[in-house]
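Colleague: I have a chain here and would like to go through it with you. Could you put it up?

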Amino acid sequence: MIAGIIPARYASTRFPGKSLADIDGKSMIRRVYEEAAKSTSLSKLVVATDDERILRHVQDFGGEAVMTAEDHSTGTDRCRDALQQLGAGYDYVINIQGDEPFINPAQIDELAALLNDGSVELATQMIPVATHEELFDRGEVKIVLNSNMEAMYFSRMVIPFIKGVDEKDWHRHYPYYRHVGMYAYRRDVLEKITRLPVSSLEQAESLEQLRWLEYGFKIKCTITRYESHCIDTPEDIAKVLRRMKKESPGL
């Protein structure tokens, strides 16, 4: 069975309390929860928070939430905390981003489809790079893959370098992918990776998944059909809402 966990901390450097921010009549966390609840792959869905206001709000709209420690440095750590409270019976956890209020539940099902036989340790998603601008945007994390569709490396820089080709045409000469940040963890692997010390590669690029690779874990990758619409600042709300209403006029 698969548990879907939505980490939702109150503190945020750029947008404190964003989980409770109103988006066209509903809070951000409610929108995430209600969309994720439409997934056909999850046996359980719960919000993992460090704040009583978020906990009470989720419970008030009929969702399930658990309190986790305040000092978790990553959503992965918060997922482990929540899973321990849920108890046994779950083979995998899917970490659903709490700041993507218009997540498509089918995206969760795409990731869950990788987990059928129990051999996958960790999994995540990616989308093909379509333009030069995307490829050289250091805010977009790129993935280097092996022949088994497992991640070899994640970087904010462009890898690989293509010798003898103008940089503006690199995306036409190699299948580059950018990372979409939803993760699946096998239960035993989640326990292990959250006990690992921060690695040198993780520190260098500020990407926690590099810690897992550096310590020898395998991350299976799959292509998603769905764009990620993340909200990092209050200004992002209007931008994302306009974009989603354009893509889905009936929203």
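Modeller: A definition to start: accessible areas come from the Shrake-Rupley method with a 1.4 Å probe, and for residues only the protein chains shown count as cover. This is a predicted model, where local features need pLDDT of at least 70, side-chain atom pairs count only at pLDDT 80 or more, and totals for chains, interfaces and linings use all residues. Residues are numbered from 1 along each chain as its sequence is written, and side-chain values use heavy atoms, with hydrogens and water left out.

Colleague: How much area does the chain expose?

Modeller: About 12,100 Å², of which carbon and sulfur atoms supply 48%.

Colleague: And what share of the residues is buried?

Modeller: Of the 251 residues, 51% are buried, meaning under 20% relative accessible area (exposed is over 50%, partly exposed in between; 1.4 Å probe, protein chains only).

Colleague: How many residues are in the largest nonpolar core?

Modeller: It has 37. Such a core is a set of buried Ala, Val, Leu, Ile, Met, Phe, Trp, Tyr and Cys residues joined through side-chain atoms within 4.5 Å. Ile-6 and Ile-108 are among those with the most contacts inside it.

Colleague: Which element gives the largest share?

Modeller: Helix 1, with five residues. Helices (H or I, at least four residues) and strands (E, at least two) are DSSP runs, numbered from the N terminus.

Colleague: Switching to helix 4, is it mostly covered or mostly open?

Modeller: Mostly covered, with six of its eight residues buried, including Ile-108 and Leu-111.

Colleague: What caps its N-terminal end?

Modeller: Asn-104 does, through a side-chain oxygen 2.9 Å from the backbone nitrogen of Ala-106.

Technical notes: Polar contact = N/O pair within 3.5 Å; in protein donor to acceptor, adjacent residues only side chain to side chain.
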